[in-house]
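This report walks through one protein model, strand by strand and ring by ring. Please keep the sequence and the 3D view side by side while reading.

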Amino acid sequence: MKTTFLINKPTKFISFLAVLLIACSQSEPDVSSGAVSGNQTLTHQQAVKDAPYQTIQWTDLMPQDDLDALLNPPAYLDEIEDGSEEDMLSNQFMLAMAQASDDSYMQALSSTRIMPEFNHQRIRLPGFIVPLEFGEKQTITRFFLVPFFGACIHVPPPPPNQIIYGIFDKGLKLEALHEPVWVTGLLKTTLTENDVATSAYTIEVAEVETYAE
């Protein structure tokens with residue numbers, strides 16, 4: 001099954017992870033203690049509204065132990081032939097396997113664990129759009145944003161903490177699903193479930209642009 005990547009197109013799942021899970025610096029959350037007054041809350045909300053958009057990587061959205069588990073896939077994956085029936089497992093079956101397993105790798109494939117410091121952060125992130133709902137003139141108003149296009153067992157569907165539910169009332173026209181885009185907006189740690197997938201994040205979209213490095 002064809003899979004499109006944002007950086008290049010490795011042939012094995014571990015190669016994909018080596019590309020996707022590039023170590024990157026991550027700013028520490030600003031944690032304060034004590035009571036917060038109404039004025040402080042309003043000041044914080046205004047600061048968030050006026051803050052510049054931060055370009056992030058998909059790896060920033062995953063806990064470190066999930067990353068570690070995915071970087072060490074079980075050996076049995078190498079025994080499955082590309083294009084075989086076992087290689088074409090459905091998303092729902094993969095999710096059921098992951099939820100029933102005590103294997104840390106399989107659990108990471110269905111992880112909904114989030115990075116709370118990204119709640120209500122203004123971010124910019126590249127990805128691929130999976131349309132869910134359409135508005136007038138067939139513009140896409142609801143979608144999932146994912147880090148790659150195409151999936152099989154060697155390159156499985158992203159876990160929920162690597163899927164973002166997009167809300168874009170303005171709507172967008174998309175020429176081709178396999179073309180990556182930049183999505184800019186306000187990120188929230190909100191869980192969304194439907195028949196297509198489960199996402200651990202939601203983004204209120206401000207802008208969608210054609211992807212360019």
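Which residue in β4 does I140 stand opposite? I140 faces L172. The model is a predicted one, and the pairing around this position is a good place to begin.

**Strand β3 and its neighbours**

Strand β3 covers residues 140-146. On one side, β3 pairs with strand β4 (residues 164-172). The two run antiparallel and are joined by five bridges. β3 also pairs with strand β2 (residues 121-134), again in the antiparallel sense, over six bridges. One of the β2 residues, E133, has R142 of β3 as its bridge partner. β2 and β3 form a hairpin, with five residues between them. In that turn, K137 has a positive phi of about 60 degrees.

Is β3 buried or exposed? Seven of its seven residues are buried, so the strand is largely enclosed by the rest of the structure. In a regular strand, side chains alternate between the two faces of the sheet.

**Aromatic pairs**

The whole structure holds three aromatic pairs. Two of them are tabulated here.

| Pair | Geometry | Centre to centre | Angle between planes |
|---|---|---|---|
| F128 and F149 | tilted | 6.3 Å | 40 degrees |
| F144 and Y165 | edge-to-face | 5.9 Å | 65 degrees |

F144 lies in strand β3 and Y165 in strand β4, so their pair ties together parts that are 21 residues apart in sequence. Both F144 and Y165 are buried.

The tilted pair links distant parts of the chain: F128 belongs to strand β2, while F149 sits in the loop between β3 and β4, 21 residues apart. F128 is buried, because its relative accessible area is 1%, under the 20% limit. F149 has a relative accessible area of 30% and is therefore partly exposed.

**Charges over rings**

Two arginines sit over aromatic rings. The charged end of R122 is placed over the ring of Y53, 4.1 Å from its centre. R124 lies over the face of W182, at 3.8 Å from the ring centre.

**The protein as a whole**

The protein has five helices and eight strands. It has 213 residues, of which 43% count as buried. Its exposed surface is about 12000 Å², with 51% supplied by carbon and sulfur atoms. Among contacts between residues at least 6 apart in sequence, 73% join residues at least 24 apart.

Technical notes
Residues numbered from 1 in each chain as written. Predicted model: local features only at pLDDT ≥ 70, side-chain atom pairs only at ≥ 80, totals over all residues. Heavy atoms only, no water. Buried < 20%, exposed > 50% of the residue type's maximum accessible area, 1.4 Å probe, protein only. Helix = DSSP H or I, 4+ residues; strand = E, 2+ residues; numbered from the N terminus. Pairing = 2+ DSSP bridges. Contact = heavy atoms within 4.5 Å. Areas by Shrake-Rupley, 256 points an atom, 1.4 Å probe, with all protein chains shown as cover. Phe/Tyr/Trp six-rings, centres within 6.5 Å; stacked < 30°, edge-to-face > 60°. Lys NZ or Arg CZ within 6 Å of the ring centre and 35° of its normal.
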